[in-house]
Amino acid sequence: MGGVTPGLLGERDPGLQPERTRLAWRRTTLASTVVAVLAGKAGVAGGASGDVLAAGVVCCAGWAGMLVVAHRRIRGLAGGGEPERLSLGYAAGVVVCVLLTVGGGVGVVLW
């Protein structure tokens, strides 16, 4: 095997994958925060009608849900050892929160 350092194929550092996953959760929450802040800024700049306020509430609810789920996952990954798997309910919750955040943000901008 030309160019492959001996021992790399059979050994795996279990600390790297949880660290990458933890960083991915942090990036996801940062992106959600940016969407919520930009939606709020667009809502304030465009005038706060009832539709804009409703879309802003939906966006913020999705953002808050995303923060809760991500914080739980980050805490679970920081414990060391083998992290627990993401349950189907939490995975569905993440999808719903992302859709609410993005949908509310788009609603604020369009109305």
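1. Start with Ala 36, which sits in helix α1. Its relative accessibility is 12%, so Ala 36 counts as buried. Along the chain, Ala 36 and Gly 104 are 68 residues apart, yet their C-alpha atoms are separated by 8.5 Å. Keep in mind that this is a predicted model, so read every value here as computed from predicted coordinates.

2. Now the overall layout. The protein has 3 helices and 0 strands, and from the N terminus on the order of elements is α-α-α. Helix α1 covers residues 16-46 and helix α2 covers residues 50-78, with α3 spanning 88-110. Of the 111 residues in the protein, 23% are buried.

3. On to the packing of α1 against α2. Their axes come within 9 Å and cross at roughly 165°. An angle over 145 degrees counts as roughly antiparallel, and α1 and α2 therefore qualify as roughly antiparallel to each other. The crossing of these two helices is left-handed. Sorted by class, the α1 contact with α2 has 15 nonpolar, 6 polar and 3 charged residues.

4. Next, α2 with α3. Here the axes come within 7 Å and the crossing angle is roughly 150°. That makes α2 roughly antiparallel to α3. The α2 and α3 crossing is left-handed.

5. What about the remaining pair, α1 and α3: how do their axes cross? The angle is roughly 25°, and the axes come within 8 Å. Angles under 35 degrees count as roughly parallel, and α1 and α3 are therefore roughly parallel to each other. The crossing of α1 and α3 is left-handed.

6. Which residues make up the largest nonpolar core? There are 8 of them: Trp 25, Met 66, Val 69, Ala 70, Ile 74, Leu 77, Val 94 and Cys 97. Two elements, α2 and α3, give two or more residues to this core. The largest share, 5 residues, comes from α2. As background, nonpolar side chains in soluble globular proteins tend to be buried together.

7. A word on charge pairing. The structure holds 1 salt bridge, and the partners are Glu 19 and Arg 22, with their closest N and O atoms 2.3 Å apart. Both residues lie in helix α1, 3 residues apart, which is about one turn of the helix. Are the two partners buried or exposed? Glu 19 has a relative accessible area of 33%, so Glu 19 is partly exposed. Arg 22 has a relative accessible area of 15%, and because buried means under 20%, Arg 22 is buried.

8. Arg 22 also turns up in a pairing between α1 and α2. Ala 78 has its place in helix α2, while Arg 22 lies in helix α1. The C-alpha atoms of Ala 78 and Arg 22 are separated by 7.9 Å, although the residues are 56 apart along the chain. Ala 78 has 52% relative accessibility and therefore counts as exposed.

9. Val 34 is another α1 residue to look at beside α2. How far apart are Val 34 and Trp 63 in space? The distance is 9.7 Å, C-alpha to C-alpha, with their positions 29 residues apart in sequence. Val 34 has a relative accessibility of 41%, so Val 34 counts as partly exposed.

10. Last of the single residues is Val 44, also found in helix α1. At 70% relative accessibility, Val 44 counts as exposed. Val 44 and Val 108 are 64 residues apart along the chain, and their C-alpha atoms are separated by 9.5 Å.

11. To pull the α1 residues together: Ala 36 counts as buried at 12%, Val 34 as partly exposed at 41% and Val 44 as exposed at 70%. As for the helix pairs, α1 and α2 are roughly antiparallel, α2 is roughly antiparallel to α3, and α1 and α3 are roughly parallel.

Conventions
Residues numbered from 1 in each chain as written. Predicted model: local features only at pLDDT ≥ 70, side-chain atom pairs only at ≥ 80, totals over all residues. Heavy atoms only, no water. Axes fitted to C-alpha atoms, helices over the stretch in contact; angles between N-to-C directions. Helix = DSSP H or I, 4+ residues; strand = E, 2+ residues; numbered from the N terminus. Parallel < 35°, antiparallel > 145°, perpendicular 65-115°, else oblique. Left-handed = near helix turned anticlockwise from the far one by under 90°. Nonpolar A, V, L, I, M, F, W, Y, C, P; charged D, E, K, R; others polar. Salt bridge = Lys/Arg side-chain N within 4 Å of Asp/Glu carboxyl O. Buried < 20%, exposed > 50% of the residue type's maximum accessible area, 1.4 Å probe, protein only. Core = buried A, V, L, I, M, F, W, Y, C linked by side-chain atoms within 4.5 Å.
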